Amino acid sequence: MESKYGGYAGKILKIDLTNREISDYPFTDRERELYLGGKIMASKIILDNLKDDTVPLSSENIIVVSTGPFTNTGAPSSSRFNISSLSPLTGLIASSNCGGNFGIYLKKAGYDALIITGKSTEKIWIEINENEVSFNSADDLWGLDTEEVQEKLPEKTGKIVIGPAAENLVRYAGIFSQERAAGRAGLGSVMGFKNLKAVVAKGNIKTNVKNKDKTKELYKKWIYKLKDSYLTGEMLPKYGTAGILKLMQKKNVLATRNFQKGNFDDFEMISGEKLEEKYLIKNRGCVTCPIQCGRQVEIDGKKVKGPELETLGLLGANIENNDLKKIIDWNYQIDKLGMDTISLAGSIAFAMELNEKGLWDNGLEFGKTDNLSEIFNDIANRKGIGDDLANGVKFLSEKYGGKEFAIHSKGMELSAYEPRGSVGQGLGYAVSNRGGCHLGAGYVILFEALYMSMDPYSTVSKAELTMLNQDIMEVCSASGICLFTLQTMIPEKIIKNPDGMFAKITNNLMTKNVTAAVLRKVNKLNEDGLNVNLPNVPHIKALESLTGMKMDFGKFREIGERGYTLDRMINLRRGLKATDDTLPKRLTDVPQDITNKNSKVPIKELRDKYYSCRGLTKEGEVTEEKLKSLKMQEYCK
Ligand code: SF4
């Protein structure tokens with residue numbers, strides 16, 4: 001359905017694998033105004049098309065690959081695209097964002113999104129070339145790793161592929177594009193179950209841009225801002241995401257020994273600084289990105305992608321490993337096998353503790369790393385103990401026990417941040433729609449421990465801040481822009497001078513009731529609420545100029561809230577309860593520091609505040625009043 005707005009190809013392609021049929025999926029301009037694109041568009045399609053009892057690994061499940069309006073228009077950091085489906089790891093809605101080139105090529109082929117339904121009886125790969133779609137045998141590609149398969153597919157195309165782990169239905173297998181991954185939630189296994197090894201897209205269609213000159217000018221200023229800002233212009237390019245590992249250690253939030261504590265004696269050996277000093281060859285990153293936070297490193301004469309913060313933390317401190325070279329090797333191996341390093345590492349750490357406590361005799365031990373490479377292969381091929389490890393922490397805790405220290409939320413393993421040193425981050429992990437993900441959580445730890453120092457144990461403002469961040473991150477992602485670009489929002493004065501007067505006053509103010517009240521008001525802003533230009537959020541004016549849609553902060557935030565609400569509705573329909581918005585007892589009941597009784601996540605108090613702030617019922621349900629206020633009446637009964 002063609003669009004009057006700039007930034008859209010105007011078509012969504014639907015491919016039914018069962019009957020090998022293609023069709024256009026209708027999406028109106030009204031829906032674009034409300035749901036924008038990317039992950040929010042995908043959630044709407046899933047809510048409207050999936051039955052509530054659909055099993056993730058079934059032909060009824062669908063995969064939606066979607067782009068945002070900024071994709072293929074030259075905006076900074078705009079090559080990110082989204083993949084959504086029901087997750088085999090959590091059984092709930094999941095989306096995973098990827099920085100490879102597929103999104104740009106899908107848009108060049110003339111589509112804003114791709115919907116894959118059904119299941120192929122044969123192993124196949126698909127090529128999309130503008131209006132033509134071909135189904136090709138993948139017999140000779142099956143079994144190849146994510147690097148090999150991309151080499152075999154046609155050049156000068158955008159690709160998404162899976163590796164052996166997804167073919168073997170590992171519950172945290174990802175989907176890969178170039179060397180980037182839509183890693184989380186096991187969406188690769190949904191492709192594997194459908195016998196779909198890869199999708200390739202190409203074309204020459206240009207995306208329409210409204211207000212061309214003005215948009216170009218705004219993009220130019222935006223790029224300048226990203227390069228000029230300390231975080232996006234200095235820290236991320238120099239050390240990548242790993243640059244915050246030392247800060248995590250300092251603030252006691254570096255998950256160590258299966259989240260038994262928040263600091264690791266050998267942290268310097270696995271830090272971003274050490275990676276830069278010993279292995280970095282050059283920066284890498286997604287196309288169209290001026291930040292280039294990715295790393296290219298060299299080991300044993302081979303140039304490979306360097307590990308990111310989560311991998312360093314979880315395959316380092318959390319399993320008590322201080323061997324950086326091993327982490328680099330493993331990272332490359334796990335990527336080729338096609339798995340999510342976060343869930344895999346979380347499963348290994350939990351299995352180590354199960355073994356230590358005599359609950360599962362599996363041979364895995366904290367600090368013992370000589371057998372791990374073999375175990376990773378076994379997981380991808382579901383051999384030996386790898387077969388159980390391939391199902392993730394929640395499954396392991398149901399089979400072997402240890403639920404109180406099974407570090408997951410809703411079935412998804414937590415990222416590398418120990419939330420007892422950052423209780424707002426703990427709340428976010430618990431209420432995130434896709435489970436234990438730092439980004440879906442709202443990333444409040446940035447304010448509690450990393451770039452600012454608001455009281456990490458106070459519950460004041462945490463619910464409000466979590467909601468605000470979640471909504472802004474939802475809409476940023478849906479627009480097609482990398483979330484790291486939002487880091488220009490944090491005042492540099494505070495980051496560069498954390499002990500200065502301005503930082504102290506701001507940190508103090510953040511946990512005052514008056515601030516919580518102001519944040520609540522901001523969270524209620526809708527399209528008529530704040531019609532001002534925020535120079536630190538250049539996304540908003542650029543989006544208005546690109547699309548021609550009226551856009552202001554209130555409207556922008558409200559689109560994000562719709563995204564959160566859609567995902568919440570899908571999960572509620574699939575049986576989610578308030579008691580699922582939680583964390584394991586280790587994090588909620590056991591203080592991280594025995595001298596500080598507040599160093600644990602007071603989940604009940606925080607969750608109640610959060611539901612109230614979001615306008616949900618006490619049971620966490622979405623009300624008709626909320627749907628009406630968000631103009632989502634079509635979902636009222
Ligand atoms: S900041 Fe990093 S992850 Fe984001 S678009 Fe740039 S290179 Fe990709």
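Trainee: How are the axes of helix α2 and helix α19 placed relative to each other?
Mentor: In this predicted model, local features need pLDDT of at least 70, side-chain atom pairs count only at pLDDT 80 or more, and totals for chains, interfaces and linings use all residues. Residues are numbered from 1 along each chain as its sequence is written, and side-chain values use heavy atoms, without hydrogens and water. The axes of α2 (residues 38-49) and α19 (residues 462-479) come within 5 Å and cross at roughly 95°. Since angles of 65 to 115 degrees count as roughly perpendicular, α2 is therefore, relative to α19, roughly perpendicular.

Trainee: Which residues of α2 and α19 make the contact?
Mentor: Contact means heavy atoms within 4.5 Å. From α19 come Glu474, Val475, Ser477 and Ala478, and from α2 come Gly38, Lys39 and Ile40.

Trainee: Which three residues supply 37% of the area that domain 2 buries against domain 3?
Mentor: The domain assignment, automatic or from a database, places domain 2 at 241-401 and domain 3 at 419-637. Buried area, the accessible area (1.4 Å probe) that two parts lose on being put together, summed over both, is about 1,300 Å² here, with 59% from carbon and sulfur atoms. The three residues that supply 37% of the area on the domain 2 side, more than any other three, are Lys251, Val253 and Phe259.

Trainee: What is the N to O distance in the salt bridge of Glu353 and Arg586?
Mentor: A salt bridge is a side-chain nitrogen of Lys or Arg within 4 Å of a carboxyl oxygen of Asp or Glu. The side chains of Glu353 and Arg586 meet this rule with an N to O distance of 2.5 Å.

Terms used. Axes are lines fitted to C-alpha atoms, for helices over the stretch in contact, and angles run from 0 to 180 degrees between N-to-C directions. Helices (H or I, at least four residues) and strands (E, at least two) are DSSP runs, numbered from the N terminus. Angles under 35 degrees count as roughly parallel, over 145 as roughly antiparallel, 65 to 115 as roughly perpendicular and the rest as oblique.
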